[in-house]
Amino acid sequence: MTETQGELASLSKYIFRAPQWYTSVALSLVIAALAGIAAFDSQYVLEDAWQGVFFIGVPTVVASLGTTPVDRYFGGQLTYSRSSLLAFACEVVVVVVLVAAGVVATLTGRFGQNFVFDALIAALGLVFAIRFLVVLAVSRDSPLIAAVPASIQTATAGVLLFVYSGTMNYLTTGGRLVNAFLSRPTEAPPEIQYAFAPRDFVLLAGLTALYGVAAYGFVLAIDRPWKRSLDVSVLDFVSGFIGHIAEGTRELEDFFEQIGEEAVVPVTVLAFRNADDGEEKARFVLPMIHPGPMGEIGGGNLPQRVAESATGLAFPPHATAGHDFNLVTEREVDTLVDAANSAHDSIDYCDTATAAVRAQEGEAKLLGQSFGDDALLVSTFSPEFADDVEYAVGLAATAEARVEGMDDVLLADAHNCNNGLQGDDLGHVYPGSKRSFDMIRAAGEAARRLQDADEGPLELGVAWDRTPWRPEDGIGPLGVRVAVLDTRKPTASSPAAHQNSQSSEDAGGDRTAYVLVDGNNMEPGLRETIVDALDVDHAEVMTTDTHIVNTVESTNQVGAALDWDELVALVADLTEEAVADLEPVEAGMASERAEVTVFGNDRTETLASHANAVIAMGGAIAGLAVLATVAISVLVFFLT
């Protein structure tokens with residue numbers, strides 16, 4: 001993740017889920033009742049509360065329940081939960097403006113009740129502008145069509161004020177029936193009786209139109225760079241993002257599909273099956289894809305989907321790929337799973353493996369084992385900070401290992417030490433960097449050592465625990481998984497003696513533990529603490545880089561929210577269980593290529609840059625728009 005992408009990722013702290021529509025409606029009625037008690041002064045408190053519910057709450061309820069059917073009639077996408085939350089937020093805006101105006105009128109003594117009513121008119125115009133922006137973003141209607149559902153809350157409030165303030169009395173009446181329905185000042189609190197003249201409603205219509213034009217001008221100003229660079233609208237992104245954070249919808253994937261590019265990616269599978277019955281015991285699956293961008297959008301839940309497709313215990317480590325290789329939709333995961341199954345079906349198995357070897361060049365460290373002519377390599381830069389390894393760097397490192405004699409290579413990025421989004425360097429391993437060459441050379445060195453290493457009979461033991469931790473603790477649904485490989489030195493013993501599964505100490509074997517934690521990177525120092533606690537010859541700790549945990553916080557790394565001692569103890573116990581589960585296995589590896597749609601080269605950086613620019617410049621543009629509209633509003637009020 002680059003610094004620009006990190007700034008965008010930090011916005012995940014604002015992610016929330018929209019409450020059910022009835023929750024928002026109930027809360028809006030409570031707020032309206034409290035506002036009525038504060039604003040009105042009748043003989044009974046309950047009457048004040050009822051008047052607040054009627055004059056403040058009713059427009060909110062009508063907007064909550066009426067916006068969705070009207071919007072959908074025109075082909076929009078607003079749900080009842082979203083429209084209710086929007087109506088409630090606008091009600092809060094009205095109450096805050098009225099309270100502020102009342103405080104100013106009381107403290108200064110220069111403004112009377114008319115000032116509060118003028119503030120109410122301005123607040124209702126502001127409500128329309130807010131609703132107009134949201135409807136425009138979510139439903140992607142034309143401005144004129146979006147104005148119809150956006151005006152419901154303001155129009156309802158305006159009608160109530162017209163009828164119950166007695167404005168009809170200023171006009172030529174049309175008889176008893178008209179007066180009965182359109183002029184009912186005697187039913188209203190004294191505070192609003194005859195408080196509004198016809199010109200006030202003309203003013204409300206004018207301000208509503210003014211604020212709407214200002215809102216649309218704001219959209220056009222921030223939309224232009226997106227159209228130029230990405231040929232998409234910022235409203236497409238806003239619509240999808242709102243849908244994702246508020247209700248967990250897939251609308252954001254529709255936007256990503258518009259900017260995506262086709263890519264061919266390797267999918268490598270390392271499988272282990274029991275030597276006796278041939279049943280799969282464990283499967284390492286590595287699609288060369290980044291499991292992002294967030295939550296379960298795109299490939300964010302890739303590790304779990306891959307794990308569910310395996311018959312044995314699945315280990316889906318992080319590949320050498322960055323955010324440019326995020327899948328645009330979850331549907332693309334099916335393509336990867338199919339490729340993994342195809343690769344699995346083509347595996348040729350062997351019953352021997354080398355002991356683990358370690359190679360280091362500069363800051364890059366690799367742990368590797370080979371099974372016949374195939375190699376499993378795990379890369380880490382710990383204790384130095386590192387984030388994603390670029391796709392091209394991983395391909396180059398894999399090619400280097402093949403040059404040294406390997407056939408298929410499963411190169412996993414351990415992704416196990418980073419300092420979050422702190423500092424200017426977020427640990428991105430990109431082509432041409434010193435780290436990239438260190439990693440490539442280390443891969444070649446590891447392959448050379450594996451070529452020269454002796455092979456012996458292979459045993460495997462596995463264990464896993466869902467753990468008591470959840471995504472908010474930095475742990476995804478796959479929990480913690482451990483695979484222990486025991487490779488014995490070749491002996492002249494008979495096959496029957498081999499089946500007795502002697503201890504590694506007796507046979508002079510070598511045990512290697514591969515620990516996989518379902519999380520997104522790891523706090524500095526935690527990897528070393530875990531490795532030191534394991535009673536094996538070699539160990540490496542990996543994370544899946546699942547982005548499920550990032551709907552809680554953008555830097556929700558393993559170890560940031562949970563007790564280290566508890567995690568270390570759990571991994572140690574699981575390692576002991578895996579050792580106790582050791583039994584003879586056969587291993588094999590194969591690769592397939594899959595064609596998928598990903599974010600594409602530099603698209604992620606462009607998207608992040610534009611989004612950050614909108615956040616930075618949008619605030620300034622919005623401020624200027626607000627100042628201009630306020631100045632015009634004040635001028636209008638003075639002139640009228």
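Two strands are taken to pair if DSSP finds at least two bridges between them. The views below show a predicted model.

**View 1. The open sheet of strands 5, 6, 7 and 8.** Four strands make up this open sheet, arranged in the order 5-6-7-8 with mixed pairing. Strand 5 (357-361) and strand 8 (409-413) lie at the edges; each has a single partner strand, so one side of each is left without a neighbour in the sheet. On average, and with direction ignored, neighbouring strands of this sheet are turned by 20° against each other.

**View 2. The pairing of strand 5 with strand 6.** Five bridges connect strand 5 to strand 6 (residues 364-371), and the pairing is antiparallel. Within this pairing, Ala359 has Leu366 of strand 6 as its bridge partner.

**View 3. Helix 14 on the sheet.** Helix 14 (residues 391-403) packs on the sheet formed by strands 5-6-7-8. The helix touches strand 7 (374-380) and strand 8, and its direction makes about 140° with that of strand 8.

**View 4. Strand 1 beside strand 13.** Strand 1 (residues 261-274) and strand 13 (residues 583-598) run antiparallel and are joined by 14 bridges. Glu262 is placed opposite Thr597 of strand 13. In general, strands of a sheet pair through backbone hydrogen bonds, in either a parallel or an antiparallel manner.

**View 5. Strand 9 beside strand 13.** Strand 13 also pairs with strand 9 (residues 455-465); two bridges join these antiparallel strands. Pro584 in strand 13 is the bridge partner of Glu459.

Terms used:
Residues are numbered from 1 along each chain as its sequence is written. This is a predicted model: local features need pLDDT of at least 70, side-chain atom pairs count only at pLDDT 80 or more; totals for chains, interfaces and linings use all residues. Side-chain values use heavy atoms; hydrogens and water are left out. Axes are lines fitted to C-alpha atoms, for helices over the stretch in contact, and angles run from 0 to 180 degrees between N-to-C directions. Contact means heavy atoms within 4.5 Å.
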